[in-house]
Amino acid sequence: AITAELAGVGKDEVNVDVSSRTVTIEAKSDKKTFNWDKTFNFELDPDSTKATMVNGILDMSIEKKEKTSSKKIKIE
């Protein structure tokens, strides 16, 4: 989970980008500019991302991507 205090910024002024290992939060209003970027040492599942913003507090939840297991392939 990621929480960011963005008082004075509306949710329409916030951009969130989630890739397989990186989360970027950018917010810009007349009064405030906020940039946050973090690279993780494990894979994230961007499709699992949920974000809410209430009273200037951005809450995000992102799940780790399930580890892929190897599969033995039969040669035909």
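A strand here is a DSSP run of E with at least two residues, and strands are numbered from the N terminus. With that in hand, the order of elements from the N terminus on reads β-β-β-β-β-β. The radius of gyration is 17 Å, well over the 11 Å that the globule rule gives for 76 residues, so the protein is more spread out than a compact globule. I should say at this point that what you see is a predicted model.

The count, then, is six strands and zero helices. As for extent, the C-alpha trace spans about 65 × 20 × 20 Å along its principal axes.

Next, burial and surface. Of the 76 residues, 25% are buried. The exposed area of the protein comes to about 6200 Å², and 46% of that is supplied by carbon and sulfur atoms.

On contacts, take those with a separation of 6 or more: 38% of them are accounted for by residues 24 or more positions apart.

Now charges. The protein has 13 positive and 14 negative ones. How far apart are their mean positions? The answer is 8 Å.

Last, one residue, N55. Where does N55 lie? It sits in the loop between β5, residues 44-54, and β6, residues 57-64. Its phi is near 50°, which is a positive value in a residue other than glycine. Is N55 buried or exposed? The cut-off for exposed is over 50% relative accessible area. N55 has 76% relative accessibility, so it counts as exposed.

To go back over the main points: six strands, zero helices, and a protein more spread out than a compact globule. That is all from me.

Definitions and conventions. Residues are numbered from 1 along each chain as its sequence is written. This is a predicted model: local features need pLDDT of at least 70, side-chain atom pairs count only at pLDDT 80 or more; totals for chains, interfaces and linings use all residues. Side-chain values use heavy atoms; hydrogens and water are left out. Helices (H or I, at least four residues) and strands (E, at least two) are DSSP runs, numbered from the N terminus. The radius of gyration is taken over C-alpha atoms; the globule rule is 2.2 Å times the number of residues to the power 0.38. Buried means under 20% relative accessible area, exposed over 50%, partly exposed in between (1.4 Å probe, protein chains only). Contact means heavy atoms within 4.5 Å. Accessible areas come from the Shrake-Rupley method with a 1.4 Å probe; for residues, only the protein chains shown count as cover. Lys and Arg count as positive and Asp and Glu as negative; His and the chain ends are not counted. The place of a charge is taken as NZ of Lys, CZ of Arg, CG of Asp or CD of Glu.
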